[in-house]
Amino acid sequence: MAAKALSFDVGDYVVYPKHGVGRVIELQKQEIAGMQLELYVLRFEKEKMTLRVPTNKAESVGMRKLSSDKTLKEALETLKGKPKVKRTMWSRRAQEYEAKINSGDLVSIAEVVRDLFRADDQPEQSYSERQIFEAAASRLARELAAMEETDEKAALEKILDILRKAAVTWNKDKVPA
C-alpha cells in the first residue's frame with residue numbers, strides 16, 4: 001500500500017464533499033470482514049451525524065483539510081462577481097448546482113451561492129431554488145466559520161453582506177419596467 005498522502009489528527013476540521021465540514025473525533029481500528037481497518041471517525045454537528053471513513057479511502061472520497069486562505073479569498077471574491085443565469089431547464093441547472101455543492105470545492109460552492117442569491121428587491125425564488133441556495137450557503141458558511149473560528153450564523157451574515165453589496169452593483173444596471 002502506498003504511503004498515506006492525507007493524514008488528519010483528532011480535533012482537525014475536515015471537509016467531506018457530500019456532507020460539508022466535520023471534525024475528526026477519533027482514530028479507530030476495527031476488524032471488518034476479517035480485515036483490520038484504520039478509520040477516521042468524523043462528527044458533523046449540524047446533522048448530528050457520525051461517519052467512519054477508512055484512512056486509505058479518505059483521499060478517494062475527496063476528504064480534505066479546510067481550504068487555504070487563498071482559496072477562501074477566491075471564494076469570497078466569487079461572491080462579488082456578476083451572477084450567471086443560465087437559460088437551461090431548471091432540472092438541468094439544479095443537477096449542476098448539486099454537483100458543484102457536492103464537489104466540496106469552495107469556489108464552486110460560492111458560484112452556486114452567488115448565482116442563486118436574491119436581494120430583497122428581486123423576484124421570489126422557487127422553493128427548490130431556495131433549498132439549493134440554503135444548502136450551498138450553509139456549506140460555505142460552515143467552512144468559513146471553521147476557518148475564522150466563529151459560528152455558522154456569523155459566517156452566513158458575512159456572506160449575505162457581501163452578496164447584498166454586490167447585488168446593489170449588479171442590479172443598478174437593470175431599469176425597472
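## Surface and overall size

How much area does the protein expose, and what share of it do carbon and sulfur atoms supply? In this predicted model, the exposed area comes to about 10,800 Å², and 53% of that is supplied by carbon and sulfur atoms.

To picture the extent of the protein, imagine a box of roughly 70 × 35 × 30 Å, laid along the principal axes and filled by the C-alpha atoms. The protein has 177 residues, and 39% of them count as buried.

## How the chain is arranged

Let's follow the chain next. The protein contains five helices and five strands, and their order along the sequence is β-β-β-β-β-α-α-α-α-α.

Contacts also link parts of the sequence that lie apart. Taking the contacts between residues at least 6 apart in sequence, 56% join residues at least 24 apart.

## A meeting of two helices

Now for a pair of helices to look at in the model. Helix H3 covers residues 106-116 and helix H4 covers residues 127-148. Their axes come within 9 Å and cross at roughly 140 degrees, so H3 and H4 are oblique to each other. The crossing of H3 past H4 is left-handed.

Which residues make the contact? On H3 they are Leu106, Ile109, Ala110, Val112, Val113 and Leu116. H4 contributes Glu129, Ile132, Phe133, Ala136, Ala137, Arg139, Leu140 and Glu143. Sorted by character, the residues of this contact comprise 11 nonpolar and three charged ones, with no polar residues.

Key: Residues numbered from 1 in each chain as written. Predicted model: local features only at pLDDT ≥ 70, side-chain atom pairs only at ≥ 80, totals over all residues. Heavy atoms only, no water. Axes fitted to C-alpha atoms, helices over the stretch in contact; angles between N-to-C directions. Helix = DSSP H or I, 4+ residues; strand = E, 2+ residues; numbered from the N terminus. Parallel < 35°, antiparallel > 145°, perpendicular 65-115°, else oblique. Left-handed = near helix turned anticlockwise from the far one by under 90°. Contact = heavy atoms within 4.5 Å. Nonpolar A, V, L, I, M, F, W, Y, C, P; charged D, E, K, R; others polar. Buried < 20%, exposed > 50% of the residue type's maximum accessible area, 1.4 Å probe, protein only. Areas by Shrake-Rupley, 256 points an atom, 1.4 Å probe, with all protein chains shown as cover.
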